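This briefing sets out the architecture of one protein chain and the surroundings of its ligand. The points below are grouped by topic and are best read alongside the coordinates.

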Amino acid sequence: MKRRYKLLIGLAALSAVAVIGLAMTLSYESPCESAPAAEAGGDYTLAVTARCYGSPEVLRLERLALPALQPQQVRVQVRAAAVNPLDWHYLRGKPYVMRLAAGIGRPDNVRVGVDFAGVVSEVGAEVTRFAVGDEVFGARNGALAETLTLSEDGLLIHKPSNVSFAQAGAVAVAATTALQALRDHGGLQSGERVLINGASGGVGTFAVQIAKAMGANVTGVCSARNEQMVRAIGADRVIDYKRADYTQLAERYDLIIDMVGNHALSANLGVLGERGRLVMVGGNKAGDYLGPLTDALWLRVVAPFLDKPAGSMLAELRREDLQTLADWMESGALSPVVDRVYPLQRAAEAIAYLEQGHARGKVVVSVERSAAE
Ligand SMILES: NC(=O)c1ccc[n+]([C@@H]2O[C@H](COP(=O)([O-])OP(=O)(O)OC[C@H]3O[C@@H](n4cnc5c(N)ncnc54)[C@H](OP(=O)(O)O)[C@@H]3O)[C@@H](O)[C@H]2O)c1
């Protein structure tokens with residue numbers, strides 16, 4: 001055999017071993033560690049933790065020491081914290097590729113949750129934007145907890161008085177995603193026709209309202225049981241996905257925001273008008289290694305060859321966007337839809353329910369200090 005072929009076969013074998021090794025490393029799951037003993041004395045918080053990858057059953061409520069408050073930090077007593085699909089993705093460590101950042105074998109960060117709303121209970125000596133007693137909402141890693149400590153310059157905003165803690169606590173991830181999908185990635189203009197696939201879910205219920213607030217004509221796709229709710233929050237038209245496939249109908253859209261990813265790319269592009277755009281927010285869940293990223297990566301590859309703009313997005317939490325959302329809530333243009341509310345001790349049930357994929361608006365965990373103890 002020529003040396004060239006031997007070299008090629010050697011390289012192919014090495015690559016195969018490397019890929020198999022990486023696949024085995026990524027899919028390896030360490031057993032669940034027990035929580036370290038809680039230190040006596042000092043301030044503490046009860047927080048939901050995951051010390052291994054797995055189903056919601058691995059979640060625990062642990063007593064964790066609070067860090068000393070720094071001069072620019074505030075302490076927030078959480079009153080409500082919402083769950084998002086990202087919470088069960090991190091909990092399961094799936095798709096596996098995300099373990100490269102989240103931790104190989106077990107999660108590096110044991111805390112769970114991001115969205116929250118609550119009341120400022122303590123402020124550092126240099127804090128100027130917040131005072132004790134302020135009602136706030138925002139985003140912070142580990143939000144499923146009684147108490148959070150965060151910088152006053154972090155993702156923290158005053159809560160409008162006309163929304164409940166449960167509503168404000170439901171905002172950060174889902175509403176930011178909807179806003180950025182419509183405004184930044186979709187370039188939605190007033191008067192345009194937008195279709196929202198997955199209109200009754202966490203992101204969808206915000207997307208319908210934000211699109212309406214931006215002056216669009218909104219078509220929502222959901223099942224019949226949610227039709228009335230989706231109309232009530234502003235949809236001009238509703239398509240029941242069990243009775244009709246929107247990609248087979250005559251209507252054309254300027255923008256499609258797709259939270260579900262259950263149609264072929266060509267089918268979505270086929271119902272876009274001449275200047276239509278497609279924004280993929282959610283994707284097909286198939287496959288443990290790449291999961292919904294498969295479709296997103298494929299779209300990146302083919303997008304330059306398509307005759308209409310199409311792309312996937314990853315939301316980025318920003319304080320200015322949370323302020324925009326707070327302003328809309330204050331004006332009444334945006335009213336978060338809350339589906340079920342679970343107490344902190346039953347956060348695992350909240351995540352399990354969300355994971356079924358049929359939430360009607362947002363799933364929220366309420367946090368009452370006395371109830372959690
Ligand atoms: N790219 C990003 O930055 C980003 C950010 C946030 C979320 N996401 C992704 O976006 C997706 C949606 O998130 P979410 O928080 O809205 O999830 P969610 O709250 O779990 O969405 C559930 C909703 O999806 C609806 N649905 C299920 N099958 C459907 C179908 N075939 N057609 C239309 N609607 C259907 C359900 O309605 P029925 O009960 O009536 O079936 C339910 O109301 C998830 O995949 C999530 O991972 C991406």
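Of the contacts in the chain with a separation of 6 or more, what percentage is accounted for by residues 24 or more positions apart? In this predicted model, such residues account for 66% of those contacts. The chain is divided into domain 1 (44-170 + 336-372) and domain 2 (173-312), and both the ligand shell and the largest nonpolar core draw at least three residues from each of them.

**Overall form**

- The chain contains twelve helices and 15 strands. Its radius of gyration is 22 Å, close to the 21 Å given by the globule rule for 373 residues, so the chain is as compact as a globular protein of that length.
- Taken along the principal axes, the box filled by the C-alpha atoms of the chain is roughly 70 × 65 × 40 Å.
- Of the 373 residues in the chain, 45% are buried.

**Domains and their contact**

- Domain 1 and domain 2 have C-alpha centres that lie 28 Å apart.
- Contact between the domains involves 15 residues of domain 1 and 15 residues of domain 2. On the domain 1 side, the touching residues comprise nine nonpolar, two polar and four charged ones.

**Ligand shell**

- The ligand is surrounded by 30 residues, of which the closest are Gly201, Gly202, Ser223, Gly282 and His358.
- By class, the shell around the ligand has 15 nonpolar residues, 14 polar residues and one charged residue.
- Helix 5 (172-185), helix 6 (202-213) and strand 9 (217-222) each contribute at least two residues to this shell.
- At least three shell residues come from domain 1 (44-170 + 336-372), and at least three from domain 2 (173-312).

**Nonpolar core**

- In soluble globular proteins, nonpolar side chains tend to be buried together.
- The largest nonpolar core here has 98 residues, and Ala207 and Ile257 have the most contacts inside it. Helix 5 gives the most to this core, supplying eight residues. Both domain 1 (44-170 + 336-372) and domain 2 (173-312) provide at least three residues to this core.
- Leaving aside residues up to four places away in sequence, Ala207 touches Ala178, Ala181, Leu182, Ile196, Ala199 and Ile257.

**Helix 5**

- Helix 5 is mostly covered, with twelve of its 14 residues buried. The buried residues of helix 5 include Ala178, Leu179, Ala181 and Leu182, and Ala178, Ala181 and Leu182 are among the residues touched by Ala207.
- Polar side chains also occur among the buried residues of helix 5, including Thr176, Thr177, Gln180 and His185.
- Gly187, which follows helix 5, has a positive phi, near 55°.

**Ile210 in helix 6**

- Why does Ile210 count as buried? Ile210 has 28 C-beta neighbours inside 10 Å, and a residue is buried if 20 or more other C-beta atoms lie within that distance of its own.
- Ile210 is located in helix 6. Not counting residues up to four places away in sequence, Ile210 touches Ala178, Leu179, Leu182 and Leu334; Ala178, Leu179 and Leu182 are among the buried residues of helix 5.
- Ile210 and Gly234 are 24 residues apart in sequence, and their C-alpha atoms are 9.2 Å apart in space.

Key:
Residues are numbered from 1 along each chain as its sequence is written. This is a predicted model: local features need pLDDT of at least 70, side-chain atom pairs count only at pLDDT 80 or more; totals for chains, interfaces and linings use all residues. A residue is near a molecule or strand if its C-beta atom, placed from the backbone, lies within 6 Å of it. Helices (H or I, at least four residues) and strands (E, at least two) are DSSP runs, numbered from the N terminus. Domain bounds come from an automatic or database domain assignment. A nonpolar core is a set of buried Ala, Val, Leu, Ile, Met, Phe, Trp, Tyr and Cys residues joined through C-beta atoms within 7 Å. Two residues are in contact if their C-beta atoms, placed from the backbone, lie within 7 Å. The radius of gyration is taken over C-alpha atoms; the globule rule is 2.2 Å times the number of residues to the power 0.38.
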